[in-house]
Amino acid sequence: MTITVINAGLGASIAIAMYFVGLPNPLLWGALAFALKFLPFVSAVAGAFLVAAFGILSFDNLGPGLLPAALYMTLTSMEGQFVMPNILGRRLEMNTVCVFLTVIVWSWLWSVPGALMAVPFLLFLKVICNNVPSMAVLGNFLGPRPSSEADSE
């Protein structure tokens with residue numbers, strides 16, 4: 001749910017940016033950004049490529065035609081580098097290095113499906129570690145216990 005809200009915010013930001021740049025159908029580009037963001041790694045490049053192609057066809061000069069793609073890449077980069085990690089880091093309370101390494105390993109093993117499943121698998125492992133006393137050390141390494149679990153002990 002958190003990721004869906006973040007993606008919706010990105011879609012709204014891109015729609016507003018495309019409106020102010022003068023690109024036709026800004027709601028379409030916002031909806032496309034929202035939908036594409038569920039695909040890691042390829043979403044920003046695919047969206048920017050589509051916006052660039054449409055921008056070049058919509059505007060008379062190359063500079064104004066590439067401006068929407070530059071804004072698209074800027075907004076998706078800001079979301080991916082600052083917004084998503086900050087919100088998910090607070091919400092999930094996971095070790096950032098573990099999340100990064102898990103995504104790399106699962107992406108290498110299974111490509112895009114692995115990247116999509118990496119964090120859910122890691123969260124599943126963390127829940128198991130938090131509930132099995134002999135695995136508590138690994139659970140503490142993956143991230144702190146939720147306050148309700150820590151208080152009950």
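## Helix α1 and a salt bridge

Just after α1, G22 takes a positive phi of about 95 degrees. Helices here are DSSP runs of H or I with at least four residues, numbered from the N terminus. This is a predicted model, where local features need pLDDT of at least 70 and side-chain atom pairs need 80 or more, while totals for chains, interfaces and linings use all residues. Residues are numbered from 1 along each chain as its sequence is written, and side-chain values use heavy atoms, leaving out hydrogens and water.

Back to α1 (residues 2-21): its 20 residues should span 28 Å at 1.5 Å a residue, and its end C-alpha atoms sit 29 Å apart, which agrees. That expected span is 1.5 Å times one less than the number of residues. Buried residues (under 20% relative accessible area, 1.4 Å probe, protein chains only) in α1 include I6, L10, I14 and M18.

Now for the charges. With a salt bridge taken as a side-chain nitrogen of Lys or Arg within 4 Å of a carboxyl oxygen of Asp or Glu, the count is one. K37 pairs with E79, their closest N and O atoms being 3.1 Å apart. The two are 42 residues apart and link distant parts of the chain. Partly exposed means from 20% to 50%.

| Residue | Location | Relative accessible area |
|---|---|---|
| K37 | loop between α2 (26-36) and α3 (42-58) | 22%, partly exposed |
| E79 | helix α4 (residues 62-92) | 4%, buried |

As for pLDDT (the predictor's confidence in each residue, from 0 to 100), the chain's mean is 85 and 90% of its residues reach 70 or more. Among the elements, α2 has the highest mean, 93, and helix α7 (residues 147-152) the lowest, 52. Where pLDDT is low, the predicted coordinates should not be read in detail.
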